[in-house]
Amino acid sequence: MAAPICAVAIFVIMFGLIISEKIPRHIVTLCAGALTLIVVFGICMHSIDAVVETLNYKIIATKDFWITHGEGEGEASGINWATIIFIGGMMVMVEGMARVGFFRWLCMLLAKMVKYKTIPIFIVFMVMAAVLSMFIDSITVILFLAAVTIELAKLLKFNPIPMILSEIFCANLGGSATMCGDPPNIIIGTSLGYTFVDFLTNTGLIAAVGLVIILVYFYLVYRKELKTDGEPIDPSSMPDPKTAIEDKPGFIVSCIIFICAVVLLVSHAKTGLTVATIGVFIAAITLITAPKHVPEMLKKVDYKTLLFFIGLFIVVGGLEQTGVLVLIAEFIEKISGGNIMLMIAIIIWVSAIASAFVDNIPFAATMIPVISSIASTSGVALPTLAWALSMGTDIGGSATPIGASANVVGTSVAQKEGYSISWGKYCVKLVPATFIVLAISTVMIFVRYL
């Protein structure tokens, strides 16, 4: 009994310290991770196996970590090294693209297309975040768009924080639309045998309706903050986008690398290449094609974010190993009884609330056998429960800065450039947006499937 209590206590204290922002968050999670290993696994459980399973380092040496055969990447326990390696690889690629002026060129081109008007740019970027995240991991999308947004904010002199927060939410929303858009969907799809088209025609429809409503919502809440000071910008007075390209050969190479990353991520379910393999490959190609700039690019990688993830995965591993996540799953099954509507509502909303604070990857993996059991005993169609779980875990993660990987990466990119996003600033606008989409999801699932 002591182990679960300690695991929950460490998580709650860690969560409180992260919210307080008095200590750098990567230090908080690393210290909390160390306490989990020592106190929970060592003192309370006396289990070396729990330590090994949570550190999960052995999986890196296995073939399935780099190449799969259609069973999924199977890494929902302990430190998700595939995520760490993938994020690191994408960070290297982004630094390589930034070095040659790719992001400045793109933001100037987009700004020119909408005549340098902030609100149209705001809307275009939200739609772009949602659409790209349907096919590309939302982490990559936010790494890409946050960098562009900050470049554009410096050029047009507006506050980039509202735009970055809106992009984060829309990236998570777009990711819910397809099987490859968000990690929980990959786990659900591979475990239950659903395809890309299955998700697109079910969660994709919900995400599309949600996106329309969310575009209106963010426009209403942020339109005043996005107004620029001074006279309207004369498009003819702005520099040509081509002037932003600092290294033309390097620019072409960076574009090719980026296209390769997109193709590999979209097709990795068919090729069998895991995200870890793709991350390493993209980083290696980026460094090999610019040998003179290797130290510069490696120096700019946001290692603090990677350390934050490692510590967070260890603490969540403590909740897994002590059975806390299983207790949550069992609670959902018991209180739902035979009421189908209540059952679906509980799965959506409890999954959403849990995913706002606990990494949604292990939670989704924990819930899959639960919904399978409910479907077999209650007569409710398993796909209906699967879509409820998908929307709950995908959208719920948007509510807090640590609820999804894209949130952590987006806020970290902003912090790195001097734009601090506090918990209060994040939650005051994105929590209501999360509730809106969850309400839409609940109603649409009731109407369409019951």
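This passage describes the overall build of a predicted protein model and then visits several of its residues.

The model contains 21 helices and zero strands. Its chain has 450 residues, and for a compact globule of that length a radius of gyration near 22 Å would be expected; the protein has 22 Å, which agrees. Along the principal axes, the C-alpha trace spans about 65 × 50 × 45 Å. Of the 450 residues, 56% count as buried. Contacts between distant parts of the chain are also plentiful in the count: among contacts with a separation of 6 or more, 79% join residues 24 or more positions apart.

The outside of the protein can be described in a similar way. The accessible surface comes to about 18300 Å², and carbon and sulfur atoms supply 70% of that area. As for charge, there are 26 positive and 28 negative side chains. The centres of these two sets lie 10 Å apart.

With the overall picture in place, single elements can be followed along the chain. Helix H1 covers residues 2–20 and includes Gly16. Gly16 counts as partly exposed because its relative accessibility is 35%, a value between the cut-offs of 20% and 50%. Gly16 and Leu450 are 434 residues apart along the chain, and their C-alpha atoms are separated by 40 Å.

Two loops come next, and both hold a residue with a backbone angle worth a look. Most residues other than glycine have a negative phi. His46, however, has a positive phi, near 50 degrees. This residue sits in the loop that links helix H2 (25–44) to helix H3 (48–55). Is His46 buried or exposed? His46 has a relative accessible area of 66%, so it is exposed, the cut-off being over 50%.

Asn56 also has a positive phi, near 60 degrees, and it too is not a glycine. Its place is the loop between H3 and helix H4 (63–66). Asn56 has a relative accessible area of 14%, which is under 20%, and therefore Asn56 is buried. Thr62 belongs to the loop between H3 and H4 as well. At 33% relative accessibility, Thr62 counts as partly exposed. From Thr62 to Pro183 the chain runs 121 residues, while the C-alpha atoms of the two are separated by 20 Å.

Helix H5 (residues 81–99) offers a simple check on helix geometry. At 1.5 Å a residue, its 19 residues should span 27 Å, and the end C-alpha atoms are indeed 27 Å apart, which agrees. How many of the 19 residues of H5 are buried? The count is 17, so H5 is largely enclosed by the rest of the structure. After H5 comes Gly101, whose phi is positive, near 90 degrees.

Further along, a set of buried residues shows how helices from separate parts of the chain meet. Ile206 lies in helix H11 (residues 196–222). With a relative accessible area of 3%, Ile206 is buried. Leaving aside residues up to four places away in sequence, Ile206 touches Met391, Ser441, Met444 and Ile445. By contrast, Lys154 is 52 residues from Ile206 in sequence and 35 Å from it in space, C-alpha to C-alpha.

One of the partners of Ile206 is Ser441, and this serine can be viewed from its own side. Ser441 is found in helix H21 (residues 423–449). Its relative accessibility is 0%, so Ser441 counts as buried. Which residues does Ser441 touch, not counting residues up to four places away in sequence? They are Ile206, Ile348 and Met391. Met391 thus appears beside both residues: Ile206 touches it, and Ser441 touches it.

Ala364 completes the tour. This alanine lies in helix H18 (residues 360–378). Its relative accessible area is 0%, and therefore Ala364 is buried. With residues up to four places away in sequence left out, Ala364 touches Pro184, Leu389 and Thr393. Ala364 and Lys270, for their part, are 94 residues apart in sequence, with a C-alpha to C-alpha distance of 22 Å.

Notes. Residues are numbered from 1 along each chain as its sequence is written. This is a predicted model: local features need pLDDT of at least 70, side-chain atom pairs count only at pLDDT 80 or more; totals for chains, interfaces and linings use all residues. Side-chain values use heavy atoms; hydrogens and water are left out. Helices (H or I, at least four residues) and strands (E, at least two) are DSSP runs, numbered from the N terminus. The radius of gyration is taken over C-alpha atoms; the globule rule is 2.2 Å times the number of residues to the power 0.38. Buried means under 20% relative accessible area, exposed over 50%, partly exposed in between (1.4 Å probe, protein chains only). Contact means heavy atoms within 4.5 Å. Accessible areas come from the Shrake-Rupley method with a 1.4 Å probe; for residues, only the protein chains shown count as cover. Lys and Arg count as positive and Asp and Glu as negative; His and the chain ends are not counted. The place of a charge is taken as NZ of Lys, CZ of Arg, CG of Asp or CD of Glu. The expected span of a helix is 1.5 Å times one less than its number of residues.
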